[in-house]
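Me: I am new to this structure and would like a close look at one part of it. Please take a single helix, say what surrounds it, and then follow its neighbours as far as they lead.

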Amino acid sequence: MDASCRLSPEQEREIYQLHENDPSHPGYRTFLSKLTDPLLERLPSGASGLDFGCGPGRDLADLKRRGHHPIGPEGSASFARMARADTECEVWLQDFLALDLPDGYFDGVFANASLFHVPRQ
């Protein structure tokens with residue numbers, strides 16, 4: 001990602017606190033677009049995307065709303081249930097240290113606030 005797209009930790013924290021992580025809040029949409037737009041600009045329309053660690057499905061819903069076909073591997077059974085129910089997307093309950101993903105299937109990978117949840121081996 002181009003360095004001009006990155007925020008400092010202080011800037012990110014300040015902006016993050018303005019919208020309280022509410023997907024319906026315009027500030028959240030602006031915040032998220034800085035993460036998703038650089039990826040989506042490189043994906044063909046209707047691309048198959050992996051939302052790694054999709055949680056309750058917030059970003060799955062956004063990717064789907066933008067015309068893509070996201071799939072979310074998730075490590076938490078309760079979050080996986082919520083994401084399936086709220087987005088009607090495919091959500092795969094996965095152990096992040098033993099992922100079972102099809103080769104060559106995804107056009108792009110999105111991982112917003114998920115990698116720090118992966119346990120160290």
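Reply: What follows is an account of helix H3 and its surroundings in a predicted model.

The setting comes first. The protein chain has 121 residues, of which 34% count as buried. It contains 4 helices and 4 strands, and along the sequence these follow the pattern α-α-β-α-β-α-β-β. Among contacts between residues at least 6 apart in sequence, 48% join residues at least 24 apart.

Helix H3 covers residues 58-65, and its buried residues are Asp59, Leu60, Asp62 and Leu63. These buried residues lie on the same side of H3, because the arc they cover around the axis is only 165°. The general background is that an α-helix has 3.6 residues a turn, so residues three or four places apart point the same way.

The cover over the buried residues of H3 comes from several elements. Among the helices that contribute are H2 (26-40) and H4 (77-87). The strands that take part include S1 (48-51), S2 (69-74), S3 (90-93) and S4 (108-110). After H3 comes Gly67, which has a positive phi, near 95°.

One residue of H4 shows the contact with this region in detail. Thr87 is part of helix H4, and it counts as buried because its relative accessibility is 7%, below the cut-off of 20%. Leaving aside residues up to four places away in sequence, Thr87 touches Gly57, Leu60, Ala61 and Lys64. Of these, Leu60 is also one of the buried residues of H3. The side chain of Thr87 also makes two polar contacts with the backbone: one reaches the oxygen of Ala83 at 2.6 Å, and the other reaches the nitrogen of Cys89 at 3.1 Å.

Another buried residue of H3, Leu63, leads to a cavity. The model has 1 cavity of 30 Å³ or more, and the volume of the largest cavity is about 60 Å³. Its lining is made of 13 residues, and those that lie nearest its centre are Leu39, Leu43, Gly49, Leu50 and Leu63. Strands S1 and S4 each supply at least two residues of this lining. The largest share, 4 residues, comes from S1. By type, the lining divides into 8 nonpolar residues, 4 polar and 1 charged.

To put the part together: S1 and S4 are among the elements that cover the buried residues of H3, and each also supplies residues to the lining of the largest cavity. Leu63 is buried in H3 and is among the residues nearest the centre of that cavity.

Key. Residues are numbered from 1 along each chain as its sequence is written. This is a predicted model: local features need pLDDT of at least 70, side-chain atom pairs count only at pLDDT 80 or more; totals for chains, interfaces and linings use all residues. Side-chain values use heavy atoms; hydrogens and water are left out. Buried means under 20% relative accessible area, exposed over 50%, partly exposed in between (1.4 Å probe, protein chains only). The arc is that of the directions from the helix axis to the C-beta atoms. Contact means heavy atoms within 4.5 Å. On a 1 Å grid over the protein atoms alone, a cavity is a set of points where a 1.4 Å probe fits but cannot get out, and a pocket is an open set with protein on both sides within 12 Å along at least five of seven lines; lining residues have an atom within 4 Å of a point. Grid points are joined across faces, edges and corners, and a volume is the space filled by probe spheres set on the points. Ala, Val, Leu, Ile, Met, Phe, Trp, Tyr, Cys and Pro count as nonpolar, Asp, Glu, Lys and Arg as charged, and the others, Gly among them, as polar. A polar contact is a pair of N or O atoms within 3.5 Å; within protein, one must be able to donate a hydrogen and the other to accept it, and residues adjacent in sequence count only if both atoms are side-chain atoms.
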